[in-house]
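Here are my notes on the model you sent round. Have the structure open while you read, as the points hop between strands and loops.

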Amino acid sequence: RFVAPSLADSSGFTWPVQGEIITEFGPSQRGVHNDGVNIAANEGVLVGAAAKGLVAFVGTNIKSFGKLVLVKHDGGFITAYAHLGDVSVKEGEIVTAGQSIGTIGKSGRVNSPQLHFEIRKSRQPVDPRSLIA
């Protein structure tokens, strides 16, 4: 069982929340491709930005993702944070690594509190484990 480490102990991108990865990156049993990882955590726990960046989107337009925040980073990277409870940032805001962007929730199509977390480079999904120690 893999448990994401705390936010302070890796370089580049950091895990946005501590918890067990309950859905891995890649194809799942139901044939759906997970473009990120899903991390189980208690409702209300703070979610931190994985790296310094610009908040590019805050909204609920993608129903299955519930409350979603997208952050743009240097080098063509974007991180996505879905199923949030509360959101504490606004579009156009600059966030620092580890800064709270919201809280763990179960908005969207999930039945337990969790964070769906994606890292994309030039629109291509990247396995977060390949970039975060």
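1. Let's begin with β7 and β8, which pair in the antiparallel sense over six bridges. One pair to look up is V69, whose bridge partner in β8 is Y81. Keep in mind throughout that this is a predicted model.

2. The turn of that hairpin is worth a click. Three residues sit between the strands of the β7 and β8 hairpin, and G75 there takes a positive phi near 80 degrees. G76 also lies in the loop between β7 and β8. With a relative accessible area of 41%, G76 is partly exposed, because the partly exposed class runs from 20% to 50%.

3. What does G76 contact, once its neighbours within four places in sequence are left aside? The answer is R120, K121 and S122. R120 and K121 can be found in your display in β11, which covers 114–121. As for R123, its C-alpha is 8.4 Å from that of G76, with the two positions 47 residues apart in sequence.

4. R123 deserves its own look. This arginine lies in the loop between β11 (114–121) and β12 (124–126). Its phi is positive, about 70 degrees, although R123 is not a glycine. Is R123 buried or exposed? R123 is exposed, at a relative accessible area of 75%, so it sits over the 50% cut-off.

5. Compare that with H83, in strand β8 (residues 77–87). H83 has a positive phi as well, near 70 degrees, and again the residue is something other than glycine. Here the relative accessible area is 4%, so H83 is buried. If you are checking backbone angles by eye, put H83 and R123 on your list.

6. Now to the other neighbour of β7. Strand β6 (residues 53–59) runs antiparallel to β7 (residues 67–73), and five bridges join them. Along this pairing, L54 stands opposite K72 and V55 stands opposite V71. So that you can trace it on screen: β7 pairs with β6 and also with β8, where a pair needs at least two bridges.

7. β6 has a further partner. Strand β9 (residues 94–95) pairs with β6 in the antiparallel sense, over two bridges. Which residue of β9 is the bridge partner of G53? That would be V95.

8. The loop between β6 and β7 holds T60. T60 counts as partly exposed, with 45% relative accessibility. Leaving aside neighbours within four places in sequence, T60 is in contact with G66 and K67. K90 is 30 residues from T60 in sequence, and their C-alpha atoms are 13 Å apart in space.

9. For a look at the interior, go to I119 in strand β11. I119 counts as buried, at 0% relative accessibility. Not counting residues up to four places away in sequence, I119 touches a long list of side partners, including F13, F77, I78, V126, L131 and I132. Also among the residues that I119 touches are T79, Q124, P125 and P128. F57 is 62 residues from I119 along the chain, and their C-alpha atoms are separated by 15 Å.

10. Stepping back to the whole chain: the secondary structure comes to one helix and twelve strands. Read along the sequence, the pattern is β-β-β-β-β-β-β-β-β-β-β-β-α. The radius of gyration is 13 Å, close to the 14 Å that the globule rule gives for 133 residues, so the chain is as compact as a globular protein of that length. Along the principal axes, the C-alpha atoms fill a box of roughly 35 × 30 × 25 Å.

11. A few totals to finish. Buried residues make up 41% of the 133 residues. Of the contacts between residues at least 6 apart in sequence, 55% join residues at least 24 apart. The accessible surface comes to about 6900 Å², and 52% of that belongs to carbon and sulfur atoms. On charge, the chain has 13 positive and 11 negative charges, and their mean positions are 5 Å apart.

Note on methods
Residues numbered from 1 in each chain as written. Predicted model: local features only at pLDDT ≥ 70, side-chain atom pairs only at ≥ 80, totals over all residues. Heavy atoms only, no water. Helix = DSSP H or I, 4+ residues; strand = E, 2+ residues; numbered from the N terminus. Rg over C-alpha atoms; globule rule 2.2 N^0.38 Å. Buried < 20%, exposed > 50% of the residue type's maximum accessible area, 1.4 Å probe, protein only. Contact = heavy atoms within 4.5 Å. Areas by Shrake-Rupley, 256 points an atom, 1.4 Å probe, with all protein chains shown as cover. Lys, Arg positive; Asp, Glu negative; His and termini not counted. Charge placed at Lys NZ, Arg CZ, Asp CG, Glu CD.
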